[in-house]
Each structure stands twice: as structure tokens, then as C-alpha cells.
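Take a walk through this protein with the sequence beside you. The route starts at a pair of strands, moves to the helices and ends at a sheet.

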Amino acid sequence: RTLLKLRTKYPMYIHAPNMSAAAKQRTTCSEDSDDDGQTWLTNAFREIHNSPNLDEDLCCVLQAFGESDSDARGVASLDPDGGVDDLDMVLQRKISTELLDEIDEDQASMFGRRFISVSNLLKDSVAGEVTTKQMLRLALNRRTAQILSTDDPVLSKRKALRIRALVDFIWSQSLLLGLKDDPTAQGNPTLLEMVEQLEMYSKASKRYHQFYPGFYHATIEGTTKDFGPVHINILRIDPGKCKMKCIDARVVDTDLSALSKKYGAIAAISGGFFLYSEPDIVLPSKRTDPVGLLCSDGHIDGPPVFERSTLHQTGSQPVAIGVIGMEGMTCKFRYQKHYFGGISTIEFGLTVGGVQGDVQCVDRSKAAVVNVGKVKKGKHRKDEVAFVIVGKQVIQVMKLGLVKVPLAGFVLIFPASLLPAGVEFEGGDLT
């Protein structure tokens with residue numbers, strides 16, 4: 001039953017007699033195979049199948065980051081270094097140089113350091129035995145070399161993103177798979193059970209420290225059955241006890257402790273997601289810009305493009321957490337046109353969704369490209385208009401054709417009939 005499961009789930013296990021001749025040919029003709037036609041991936045699958053100490057879930061981890069389930073470039077042996085002295089140092093240097101086309105030197109060097117740290121943590125030697133850590137380090141080294149050397153027209157522009165994701169993925173999987181290797185780990189609680197055992201639902205728990213009236217801090221530390229080792233800081237605030245303020249630390253001070261002292265804050269936490277190593281950032285966006293809803297003192301500096309969980313507070317309500325997206329949001333525009341006698345100004349708004357759902361908002365999670373004025377039910381909608389928006393700026397206006405959706409922005413598509421009279425896009429400025 002175990003062999004059958006492997007054959008069904010992992011077709012690259014080529015000793016399965018029901019493998020097609022074409023599949024065998026694709027596998028055995030690889031320049032990265034050994035004398036028996038095996039790749040490092042098929043050799044790894046065979047080792048996992050034959051070893052009682054290796055978890056079957058390793059197979060899926062090893063397949064990750066290949067361009068197909070059978071993609072396994074590199075030396076076919078199970079030696080993570082492939083016979084190369086100081087391979088991890090070689091790959092670190094290559095990361096620091098190869099990624100300079102996509103990210104700056106500091107980030108490229110940091111990615112190299114993250115790689116070497118994980119590689120060192122996975123170094124494991126048990127005489128006469130192939131270990132989980134060895135398998136993961138094998139995948140880390142082979143996939144890193146593959147990502148850096150690819151000439152695929154799309155993937156070659158996303159090396160930084162993939163290296164970053166690979167290193168994080170391999171390390172997180174090592175923690176989870178390590179739990180399966182540990183016979184005592186099955187007695188660990190799940191994260192939810194740990195929260196319940198520590199009575200963290202109640203501020204009366206002895207683990208909470210009240211450091212200011214209405215403000216409590218606690219930590220959860222330990223090893224869970226489902227998420228591995230955890231270290232979680234909890235800030236608990238009584239409703240109505242604080243006023244929240246969002247600050248762009250880039251223009252003030254990126255030291256969180258110094259920043260909180262400067263503003264006299266009782267507590268401070270770092271923000272959410274921001275643009276980092278993405279290859280296709282569109283101006284006026286720039287690296288380190290926050291992604292998602294950002295509102296401070298009633299001013300929206302970043303719209304809720306991706307409909308994510310949001311920590312928010314209004315003047316009449318306490319702090320709350322909720323999912324906020326663009327549906328029902330009103331985007332307000334100012335159109336100005338210069339004449340010899342002065343300036344004509346028209347202000348108007350478009351509500352996403354609208355009464356008839358005629359205002360669409362498309363972000364990168366929905367599509368990379370949209371077709372404005374596309375054919376629908378046999379008719380061409382020539383009256384359609386699209387505003388391409390990044391932050392608070394309209395960077396493009398389209399009436400017909402393909403439009404790229406900006407990485408951290410969105411495209412607003414609506415009938416031209418919703419535009420007020422006098423708004424023309426030749427010679428006018430739209431903000």
C-alpha cells in the first residue's frame with residue numbers, strides 16, 4: 001500500500017512498473033541523471049521509500065520550486081554539496097551578485113546571509129544514515145543553483161522572490177518535519193490548545209503583565225504539534241483606552257523604541273506588509289512602501305486594495321480588527337483643465353460596486369492584465385473607461401485595449417456614462 005501511494009502521488013518514482021515509456025524517456029534522458037538514469041529527486045524518493053526514518057511528506061517538499069513535478073537539475077547524488085568544496089559559500093556569493101538586477105546590494109547580501117544561515121543549521125551528519133536535514137539541505141542547494149541559473153524569460157526576472165521564498169520554505173519545513181522525527185513531539189499541544197492551557201483568553205491570566213492602565217503584555221513560547229516552535233508577543237488593550245496612530249517610520253526613525261519615545265507612545269508595534277523584493281514595482285510605488293490600507297488622522301494614504309485583515313479605529317469606536325476591501329469604497333477625483341482665462345475644475349466620485357455593480361475594481365490578486373472594452377455577449381463595449389491607480393495617483397487612462405494591473409495598485413473599470421460632462425482626457429489633469 002505504501003508503494004502504491006508513492007506511485008500515485010509521486011510519479012517520478014521511476015521504478016514503478018506502470019510508468020509510461022514516454023515518462024521514462026523524459027526522466028532518463030536528463031543531462032543531470034546518473035548512469036542508471038536517476039536524478040537527485042528520484043534517488044531521494046527511493047531513499048525516502050526505503051528508509052523508516054524519513055517522512056513521506058519530504059517528497060512534496062523536495063518537488064517544490066521545480067518547473068514541473070519531475071524537474072530536478074543538478075548533480076544526481078544525495079550529497080548536498082555535490083562534491084564541491086564550500087558549495088554553500090559559493091552559492092552565497094552567487095546570490096549576492098546574481099540578484100543585483102532586481103534588488104539593491106544590501107538586500108542581495110542579506111538574502112545571501114539568510115541562505116548560508118539555513119544551510120549551516122541544516123548541516124547534519126549521522127554515520128551510515130540519510131537524515132531529514134540532509135534531504136532538506138540537498139533541496140536547498142540544488143534549487144538555489146537552479147533558480148540562479150535559469151534562463152526562463154519569466155522566472156529569470158523573479159530570482160530574488162524565489163530565493164527568498166525557497167530559504168523561508170525549507171527552514172519552516174525543517175521545523176515541522178523535525179517534529180515528526182521527534183517521538184516526544186506528538187505529546188505537544190496544538191497552538192490553540194496551548195492558548196487555552198495558558199488561559200490567554202482572559203486578561204486575568206497570570207501570564208499577562210499590566211504595564212499601564214488598560215495595557216497588558218504576555219508571551220507564548222513553546223513547541224506546538226501543528227506549527228512547531230513558537231514565540232508570540234501579545235499586546236492586549238482594553239477597548240477605548242488608547243488612540244492609535246500610524247506613522248511612516250522611514251521619514252522619522254526606523255528604531256521602534258526610539259520612535260515610541262519620540263511620540264510619547266505607551267506601546268508600539270511594527271506595521272504590516274510592504275514592497276520588498278518584487279521585480280515589477282510601478283511608479284509612484286517604491287520599495288518599502290506599505291501594502292494595503294493605511295489611514296492616519298482620517299487621511300487614507302493607501303487604499304485597501306487586497307481586502308486583508310485590518311487593525312482600525314474610528315473616532316467613535318474602540319480599536320477593532322476586521323476585513324476591509326474596496327467594495328463600497330468611493331474614489332474621489334479632481335479633474336482640472338487650463339484655459340487662457342483660468343482653470344476649470346470638476347470633482348466627482350466613483351463607488352466600487354455601485355448600485356448596479358457597474359464599477360469594477362481589479363487588483364493583482366485577481367488578474368495581471370485586464371481587457372478594457374472587451375467583447376461581451378457578442379457586443380463590443382466601446383463606452384468603457386479604465387483608470388489605472390497607484391496610491392493616490394491616476395497613472396493611466398484607457399478606453400480600449402489591454403491594461404496591466406499595477407503591483408500595489410488597481411484598475412477601476414466603469415461605463416463612460418458615469419463621467420460628468422466636461423471631463424476630457426486630452427489636455428486635462430486627473431488626480
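How many residues does the hairpin use to join β2 to β3? The hairpin that joins β2 to β3 runs through three residues. Keep in mind that this is a predicted model. Strand β2 covers residues 215-224, and strand β3 covers residues 228-237. The two run antiparallel, and ten bridges join them. To find the register, look at Ala218: its bridge partner in β3 is Ile234. Strands of a sheet pair through backbone hydrogen bonds, either parallel or antiparallel.

Now step back to the whole chain. The protein has 431 residues, and 37% of them count as buried. It contains ten helices and 18 strands. About 24800 Å² is exposed, with carbon and sulfur atoms supplying 52% of that area. Take the contacts with a sequence separation of 6 or more: 60% of them are between residues 24 or more positions apart.

Next, the interior. The largest nonpolar core holds 39 residues. Leu62, Leu99, Met135, Leu140 and Ile170 touch the most other members. Six elements give two or more residues each: α3 (40-50), α4 (58-63), α5 (87-98), α6 (105-121), α7 (132-149) and α8 (159-181). Helix α7 gives the most, with seven residues. Leu62 shows how such a residue is surrounded. Beyond the residues up to four places away in sequence, Leu62 touches Trp40, Leu41, Ala44, Ile48, Met135, Ala139 and Arg143. Apart from this core lies another, of 25 residues. Its members include Met326, Val359, Val394 and Leu407.

Go back to α5. This helix has twelve residues. From first C-alpha to last it reaches 16 Å, close to the 16 Å expected at 1.5 Å a residue. Which residues of α5 are buried? They are Leu87, Asp88, Leu91, Gln92, Ile95 and Ser96. An α-helix has 3.6 residues a turn, so residues three or four places apart point the same way.

Just ahead of this helix is a loop worth a look. Pro80 sits in the loop between α4 and α5. Is Pro80 buried or exposed? Its relative accessible area is 7%, under the 20% cut-off, so Pro80 counts as buried. Look at what surrounds Pro80. Leaving aside neighbours within four places in sequence, Pro80 is in contact with Leu87, Gln134, Arg137, Leu138, Asn141 and Arg142. Pro80 and Leu140 are 60 residues apart in sequence, yet 8.3 Å apart in space, C-alpha to C-alpha.

Turn to one of those contacts, Gln134. Gln134 lies in helix α7. Its relative accessibility is 18%, again under 20%, so Gln134 also counts as buried. Outside its neighbours within four places in sequence, Gln134 is in contact with Leu78, Pro80, Leu122 and Glu129.

Finish at an open sheet of four strands. The order is β10-β17-β14-β15, and the pairing is antiparallel. Which strands are at the edges? They are β10 (360-363) and β15 (393-398), each pairing on one side only. The twist averages 25 degrees from one strand to the next. Four bridges join β10 to β17 (residues 410-415). Within this pairing, Cys361 stands opposite Leu412 in β17.

Key
Residues are numbered from 1 along each chain as its sequence is written. This is a predicted model: local features need pLDDT of at least 70, side-chain atom pairs count only at pLDDT 80 or more; totals for chains, interfaces and linings use all residues. Side-chain values use heavy atoms; hydrogens and water are left out. A nonpolar core is a set of buried Ala, Val, Leu, Ile, Met, Phe, Trp, Tyr and Cys residues joined through side-chain atoms within 4.5 Å. Buried means under 20% relative accessible area, exposed over 50%, partly exposed in between (1.4 Å probe, protein chains only). Contact means heavy atoms within 4.5 Å. Two strands pair if DSSP finds at least two bridges between them. Axes are lines fitted to C-alpha atoms, for helices over the stretch in contact, and angles run from 0 to 180 degrees between N-to-C directions. Accessible areas come from the Shrake-Rupley method with a 1.4 Å probe; for residues, only the protein chains shown count as cover. The expected span of a helix is 1.5 Å times one less than its number of residues.
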